[in-house]
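Got your viewer open? Here is a short walk through the model, one selection at a time.

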Amino acid sequence: MAPVLLIAITAHEYAHGWMSERLGDPTPRADGRMSLNPLKHLDLVGTLCLLFFHMGWAKPVRINTRYYRDRRKGIILVSLAGPVMNFILAFISVLLSGLLLRFGNANSELIQVLYLLCYYSAVMNTGLGVFNLIPFPPLDGSNVLEQLIPRVGYFYERIRPYRSMILLILLVSGALSRPLTIANNTILGGMWETVQRILGFGVQIQSSGGGTIL
C-alpha cells in the first residue's frame, strides 16, 4: 500500500499546483509544491487516515487567486484538479489490472504482486478522489461549494481551528463509511465495466464490507 499511497497523494497535490500554474499563478512553484517528492505534500493526520480508512487528505497547496483572470472559475478548476487526477490514476490502475488478468500468468508471483499494486492503487485513488470532493474544509469540495454559495465561507471560517479533528472523528466513528463505500464501489464498478468492454472479457466485482474485489 505504501508506494501507491505516496503516488496518489503526490499526484493529487501536483495536479492542484499544475492547474494553478497553468492559470498564471507562480505560487505553487515558489513554495516548492511543483515537485514529485511525496514529502513535500504529506499531511500527518490525512495520510494516516488514508492508510487506515482509504480516505484522507494531503497538505493543501497555497495559491494566489489574484493571478487568475476569473477568480471563481480558477478556484473551482484548481480544486477539482486533484480529485480528477486521482480518478484518472484509478482508471489506469483498473485497466492495468484487466490487462494482467487477460494476458498475465496467474501462477506468476510477479504478476500477483503487480496485480495487488494495481488493485490498491485503484482503491486508494478512488477513495482519495471521492473523499476530497466532500464539501468540508480542508477538502477540495469545500472550495467548490464556497465559490458556488459564498455564504458557506462564514461557516467554514468559524470551524477552521477544529476541521481536522472533526474529520478524524467522522472517520473513526464510521459516519462516513457507508456513503463513501457506496460511492467508491459505484465508481470502481463503472470503471471495471468499461475495462471489460474494452478488453472483451468478464470478471465480476464483489463488494465486501470495506472494499471492492476485482
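We start with confidence, then visit one helix, three helix pairs and a loop.

**Stop 1: colour by pLDDT.** This is a predicted model, so begin with how sure the predictor is. Across the chain the mean pLDDT is 87, and 92% of the residues reach 70 or more. Which elements sit at the two ends of the scale? Helix 4 (residues 71–103) has the highest mean pLDDT, 95, while strand 2 (residues 211–213) has the lowest, 40. Now select residues 203–214: pLDDT stays under 50 there, and for this stretch the model has 29 contacts beyond four places in sequence.

**Stop 2: helix 1.** Select residues 2–22 and place a distance label between the first and last C-alpha. These 21 residues reach 30 Å, close to the 30 Å expected at 1.5 Å a residue. Step just past the end of helix 1 to glycine 24, which has a positive phi near 105°. Most residues other than glycine have a negative phi.

**Stop 3: helix 4 with helix 5.** Keep helix 4 on screen and add helix 5 (residues 109–132). Two packed helices are described by the angle between their axes and the distance between the axes. For helix 4 and helix 5 the angle is about 155° and the axes are 8 Å apart. An angle over 145° counts as roughly antiparallel, so helix 4 and helix 5 are roughly antiparallel to each other. Their crossing is left-handed. By class, this contact has 16 nonpolar and 8 polar residues, with no charged ones.

**Stop 4: helix 4 with helix 9.** Swap helix 5 for helix 9 (residues 177–199). Helix 4 and helix 9 pack at about 45°, their axes 9 Å apart, which makes helix 4 oblique to helix 9. Here the crossing is right-handed. To see the contact, show side chains: on helix 4, look for residues including Phe87, Phe91, Leu95 and Arg102, and on helix 9, residues including Leu188, Met191, Trp192 and Leu199. How many residues of each class take part in the contact of helix 4 with helix 9? There are 14 nonpolar, 3 polar and 1 charged.

**Stop 5: helix 5 with helix 9.** Bring helix 5 back and hide helix 4. Helix 5 and helix 9 pack at an angle of about 125°, with 10 Å between their axes, which makes helix 5 oblique to helix 9. The crossing of helix 5 and helix 9 is right-handed. Select Ala122, Val123, Thr126, Gly127, Val130 and Phe131 in helix 5; they meet Leu180, Ala183, Asn184, Ile187 and Leu188 in helix 9. That contact has 8 nonpolar residues, 3 polar and no charged ones.

**Stop 6: a cis peptide bond.** Finally, move to the loop between helix 5 and helix 6 (140–148), where proline 138 lies. Is the bond from proline 137 to proline 138 cis or trans? It is cis, with omega near 10°. Most peptide bonds are trans.

Terms used
Residues numbered from 1 in each chain as written. Predicted model: local features only at pLDDT ≥ 70, side-chain atom pairs only at ≥ 80, totals over all residues. Heavy atoms only, no water. Axes fitted to C-alpha atoms, helices over the stretch in contact; angles between N-to-C directions. Helix = DSSP H or I, 4+ residues; strand = E, 2+ residues; numbered from the N terminus. Parallel < 35°, antiparallel > 145°, perpendicular 65-115°, else oblique. Left-handed = near helix turned anticlockwise from the far one by under 90°. Contact = heavy atoms within 4.5 Å. Nonpolar A, V, L, I, M, F, W, Y, C, P; charged D, E, K, R; others polar. Expected span 1.5 Å × (residues − 1). pLDDT = per-residue confidence, 0-100.
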